[in-house]
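User: Hi! I would like a close look at one part of this protein, with some context around it. Here is what I am working from.

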Amino acid sequence: MKYSKLEKSFIVCSCILTAVLIFPQAASAMHIMEGYLPPLHAIIWSAIAIPFLVYGIISLRRTIAEHKRALILLAMSGAFVFVISSLKIPSVTGSCSHMTGTGLSVILFGMGPTIILGVIVLIFQAILLAHGGLTTLGANTFSMAIAGPFLTLILYKAGKKLKLNKMANVLIAVTLGSMFTYMVTAFQLAIAHPSEVGGFGASLVRFLIVFAPTQIPLSVVEALLTVLVLVGMEKFASRELTDISYMEVK
């Protein structure tokens, strides 16, 4: 039986995601968990996220209208975010280290669709997996679906201008973007829970130090997985990648 290119791309990506799923995970792991942020902090982060969500909805609608052929890539990007961001390693009370998966989406589709995919994943994880929470949705959205992807996109575009090798560029951008997500999370936790001795600064340093041993290697693994998925997509979904202009970059 012969398979079409899209069917082959589904098979390749599903195999990669299955390989990710065999790694052990702790059931207690989660994003900033429900109720861990003071109410005022939760409200502020939610308010900050609202304009980005509006932009994301508009951008996603435009992407769907202009690139119908690439919808399957958008669905794969969302699945990638959901799967690998569900694999978590506890690192400190109230939060955890884990991969984000948003680097793939932001490289292919930009910030708008990535924000919406991130929010959808966070909502499903909060409701179905008890990862994160609805009260902390704004804070988790800002760190995972806005701040991290934004840095990834900036670095990726800078690498393109510097004519870096495409996959090396992806590796660097996704690694640093994933690490930045947790720098922002540490910032959010430090503001909410300043240390009794040293205040915000001491708390920030403590959170960053606790995150580092797990988040640095996880960020590298995430970048490698993103490269593998893109290699598979380039082989089996080149027409769809060309439709969204990704294949124009050599």
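Which residues make the nonpolar surface patch of about 660 Å²?

Analyst: Happy to walk you through that; please keep in mind that this is a predicted model. The patch is made by Phe82, Ile120, Phe124, Ile127, Leu128, Leu129 and Leu134. Helix H5, residues 111-129, supplies the largest share, with five residues. One resident of helix H5 is Leu129. Leu129 is partly exposed, since its relative accessible area is 36%, and partly exposed covers values from 20% to 50%.

Now to the helix around Phe82. Helix H3 spans residues 71-85, and its 15 residues reach 21 Å from the first C-alpha to the last, close to the 21 Å expected at 1.5 Å a residue. Eleven of those 15 residues are buried, so H3 is largely enclosed by the rest of the structure. Among the buried residues of H3 are Phe80, Val81, Val83 and Ile84, while Phe82 belongs to the nonpolar patch. As a reminder on helices, an α-helix has 3.6 residues a turn, so residues three or four places apart point the same way.

For the wider setting, the protein has nine helices and two strands. Starting at the N terminus, the order of elements is α-α-α-β-β-α-α-α-α-α-α. Of its 250 residues, 52% are buried. The accessible surface comes to about 11800 Å², with 73% of that belonging to carbon and sulfur atoms. Finally, among contacts between residues at least 6 apart in sequence, 78% join residues at least 24 apart.

Definitions and conventions
Residues are numbered from 1 along each chain as its sequence is written. This is a predicted model: local features need pLDDT of at least 70, side-chain atom pairs count only at pLDDT 80 or more; totals for chains, interfaces and linings use all residues. Side-chain values use heavy atoms; hydrogens and water are left out. Helices (H or I, at least four residues) and strands (E, at least two) are DSSP runs, numbered from the N terminus. Buried means under 20% relative accessible area, exposed over 50%, partly exposed in between (1.4 Å probe, protein chains only). Contact means heavy atoms within 4.5 Å. Accessible areas come from the Shrake-Rupley method with a 1.4 Å probe; for residues, only the protein chains shown count as cover. The expected span of a helix is 1.5 Å times one less than its number of residues. Patches are made of residues with over 30% relative accessible area and no salt bridge: like charges are joined within 9 Å, nonpolar side chains (Val, Leu, Ile, Met, Phe, Trp, Tyr) within 5 Å. A salt bridge is a side-chain nitrogen of Lys or Arg within 4 Å of a carboxyl oxygen of Asp or Glu.
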